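Q: Please take a close look at the nonpolar interior of this chain. I would like one connected account.

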Amino acid sequence: MATNGYELGLGLTEEHSALADSVRGFAERHLGQDVLRTAVEASAEALPPFWGELAGQGLLGLHVPEEHGGQGAGLLELAVALEALGRAAQPGPFLPTVLASALLSASDAKAKEELLPGLADGSITAGIGLADPLEVTTGDGGVTVSGSTVGVLGGAVADLLVLPAHIDGELRWIALDKSGLDVRERDSLDVIRRSASVEASEVSVPAGRVLDGLTEERVRSIAAVVLGAEAVGVASWCTSTAAEYAKVRVQFGRPIGQFQGVKHKCAGMGVELERARAVVWDAARALDAGDDSADFAAAVAAVVAPDAAVRCGADCVQVLGGIGFTWEHDAHLYYRRALTLRGLLGRSARWAESVARQALSGIGREIHIDLPDGAEAVRETVRAELAELATLDEEAQLVALGDGGWVQPYLPKPYGRDADPLEQVVIGEELKRAGIQLPELLMGGWAVPPIVAYGTEEQKQRVVVPTLRGEVVWCQLFSEPGAGSDLASLTTKAERVEGGWRINGQKIWTTVAQFAEWAMLIARTDPEAPKHNGITYFILDMSTPGVTVRPLREATGSQLFNEVFLDDVFVPDDCVVGTPGEGWTVARATLSSERVALGRGNASYPTLADLLKFAGGRALDPTALHRIGEFVCENQVLDLLGARTVLKQLSGVDVSTTSSVGKLLSMRFGQQIAEFCLAELGVAGVHSVRGEPSDKWMDQVIACRAMTIYGGTTEVQLNVIGERMLGLPRDATA
């Protein structure tokens with residue numbers, strides 16, 4: 001069943017959901033297609049007909065302090081509203097007005113007491129400029145403004161213009177009344193919300209209209225959040241529109257959403273949307289909290305969100321096909337909006353280079369999860385119990401960790417702790433604080449959950465208990481030579497014999513089989529049953545006669561994978577997990593555990609820390625610096641998606657597809673870092689000198705190619721995302 005994940009917005013609390021629902025309701029009542037068509041033809045100097053009700057809803061002053069006539073919320077709440085309005089491609093000056101009031105609120109300008117109430121109640125509309133600065137000369141009690149600037153969003157309809165200006169050698173922003181300025185509407189890529197050029201000739205302005213206390217960096221950071229939030233809304237509309245069309249548009253006798261090319265394009269849009277949401281959400285939180293890393297977070301948002309909206313806009317048109325390229329369909333309006341938002345924020349390369357320089361100088365942003373009420377009481381209990389474990393020797397500690405349910409705390413007692421998401425987060429934090437290392441279960445971590453869920457008590461005592469203590473090595477006998485990712489197409493057969501089953505077949509790509517003591521094994525027990533039926537799940541003692549393991553030499557030269565041959569292998573009845581013939585259900589539980597684990601990445605593969613160490617001290621050209629900035633942003637995306645997943649779990653939101661998104665992004669990330677570093681080495685990168693950096697990256701580049709194959713290929717992950725997140729139809733042959 002689809003989770004319709006593209007509808008989950010920036011906010012994660014119940015209050016945010018209520019706000020988003022309210023704004024969506026407003027948009028449905030007032031911002032239909034007729035309104036958009038009217039806006040295309042309307043005069044740029046006319047306010048949209050719904051402006052009064054929009055102001056009456058309090059949305060214009062959502063983020064404005066209460067003492068200045070606003071609601072007293074923050075940028076995060078404004079971002080929630082902007083995403084909802086962005087889905088409706090709202091015309092009119094809402095975005096430039098709220099951006100202007102956000103800048104005024106953050107400044108020390110004396111005029112904010114005069115201007116903010118009108119901006120909050122809609123009696124004053126604003127335009128905003130982020131491009132060419134005006135020139136200002138200072139005098140007694142005021143300043144004189146001259147010059148011209150272009151790309152002033154909402155300028156033609158605005159009463160107040162907040163524009164960049166050179167003041168005393170610094171780039172600042174200044175609030176100007178429209179009267180006295182030459183404001184002219186210009187042809188704009190965004191035909192719903194047009195921009196203007198502004199020319200000033202010796203215009204006198206009170207000194208209190210200068211937005212003191214705001215650096216250029218902070219102005220652009222606030223703009224990155226405001227424009228980025230609307231970009232998320234644009235991406236959301238494009239993703240859902242493409243997915244819905246792909247469900248119903250029939251070509252060659254079936255919905256186009258069944259075709260992998262269309263499904264993967266839609267899934268890619270869903271991934272882009274989640275990336276953009278994560279970074280805008282974080283940047284808004286950082287600015288609201290006044291964190292030192294707020295400008296870093298905003299720069300990451302400026303790199304990721306506008307590009308995501310543009311990609312989703314372009315791919316939406318592609319999925320829609322010919323109808324998407326007509327003037328009558330709204331797709332081009334959203335694509336135009338996405339391109340305009342990106343253009344207003346400035347070149348993404350400049351933002352990426354800023355992120356790279358900050359990261360190379362040691363600036364970053366740690367992700368902290370604000371836990372709900374009750375967390376401290378849980379923490380006290382957990383901390384006290386772990387303090388006792390910390391006094392034990394290593395062997396006794398491993399036993400105590402396994403028997404105490406600490407290794408996989410979400411499992412039911414006594415194998416876990418029946419821990420809800422909140423307790424799981426606290427346990428993870430407290431284990432790290434206490435310096436306690438959990439046993440490395442490898443594939444055992446995938447074996448335990450399905451056995452606990454479907455196995456007998458005897459099986460749990462026999463294999464689960466020692467596995468949780470770190471005493472047992474497991475392998476997974478699922479894949480076969482003729483069925484890689486298509487696991488249900490297996491040919492390994494299990495025939496009923498007295499006291500158990502006789503198994504014959506071959507498995508492949510079995511990690512650490514040469515060292516494993518137990519294996520998870522699926523085999524077909526009813527050849528007449530449909531594809532996903534008639535499969536039984538076994539646990540296999542790898543020392544059983546008839547089991548032959550042959551290591552495979554991989555492209556790296558190492559031997560991690562294996563072929564396993566099963567020749568008349570007898571497996572007793574007490575090694576069947578669950579009901580015979582219903583093993584696919586048990587196998588899916590194993591695969592879910594595998595994807596969660598792989599989504600967290602592999603410590604042996606390249607990380608951002610490896611990249612920054614490699615790049616530190618090197619002479620980097622602009623292209624390399626840009627690429628490093630993108631890597632830093634992607635690392636932040638991965639951390640933030642993990643944090644948002646935890647927060648969604650704490651709120652009771654389904655996160656069933658998150659593991660596939662995490663695996664897709666993290667594995668691609670490792671590959672790209674390795675390839676980048678080797679490419680930067682040039683000729684030196686293709687010669688092996690043991691102990692030199694080139695040797696490390698040569699090995700990594702080859703090893704990383706496996707990352708997007710094992711545990712479900714990239715293509716399989718995209719199928720999962722398309723089907724479970726966006727509700728696209730499964731292939732009829734699957």
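What percentage of the 734 residues in the chain is buried? And which residues make up the core?

A: This is a predicted model. Buried residues account for 55% of the 734 in the chain. In soluble globular proteins, nonpolar side chains tend to be buried together.

Start with the core itself. The largest nonpolar core holds 162 residues. Phe94, Leu103, Leu211 and Val226 have the most contacts inside it. Helix H9, residues 294-320, gives the largest share of this core, with 19 residues. Apart from this core lies another, of 63 residues. Among its members are Ala400, Val426, Met443 and Phe478.

Now zoom in on Phe94. Set aside its neighbours within four places in sequence. Phe94 then contacts Trp51, Leu54, Leu59, Leu60, Leu78, Leu82 and Leu85.

Next, the frame around the cores. The chain has 22 helices and 17 strands. Its radius of gyration is 29 Å, close to the 27 Å from the globule rule for 734 residues, so the chain is as compact as a globular protein of that length. Along the principal axes, the C-alpha atoms fill a box of roughly 100 × 60 × 60 Å. Many contacts span long stretches of sequence: of those between residues at least 6 apart, 75% join residues at least 24 apart.

Last, the outside. The chain exposes about 30600 Å², and carbon and sulfur atoms supply 50% of that area. Charged side chains number 63 positive and 97 negative. The centres of these two sets lie 5 Å apart.

Key. Residues are numbered from 1 along each chain as its sequence is written. This is a predicted model: local features need pLDDT of at least 70, side-chain atom pairs count only at pLDDT 80 or more; totals for chains, interfaces and linings use all residues. Side-chain values use heavy atoms; hydrogens and water are left out. A nonpolar core is a set of buried Ala, Val, Leu, Ile, Met, Phe, Trp, Tyr and Cys residues joined through side-chain atoms within 4.5 Å. Buried means under 20% relative accessible area, exposed over 50%, partly exposed in between (1.4 Å probe, protein chains only). Helices (H or I, at least four residues) and strands (E, at least two) are DSSP runs, numbered from the N terminus. Contact means heavy atoms within 4.5 Å. The radius of gyration is taken over C-alpha atoms; the globule rule is 2.2 Å times the number of residues to the power 0.38. Accessible areas come from the Shrake-Rupley method with a 1.4 Å probe; for residues, only the protein chains shown count as cover. Lys and Arg count as positive and Asp and Glu as negative; His and the chain ends are not counted. The place of a charge is taken as NZ of Lys, CZ of Arg, CG of Asp or CD of Glu.
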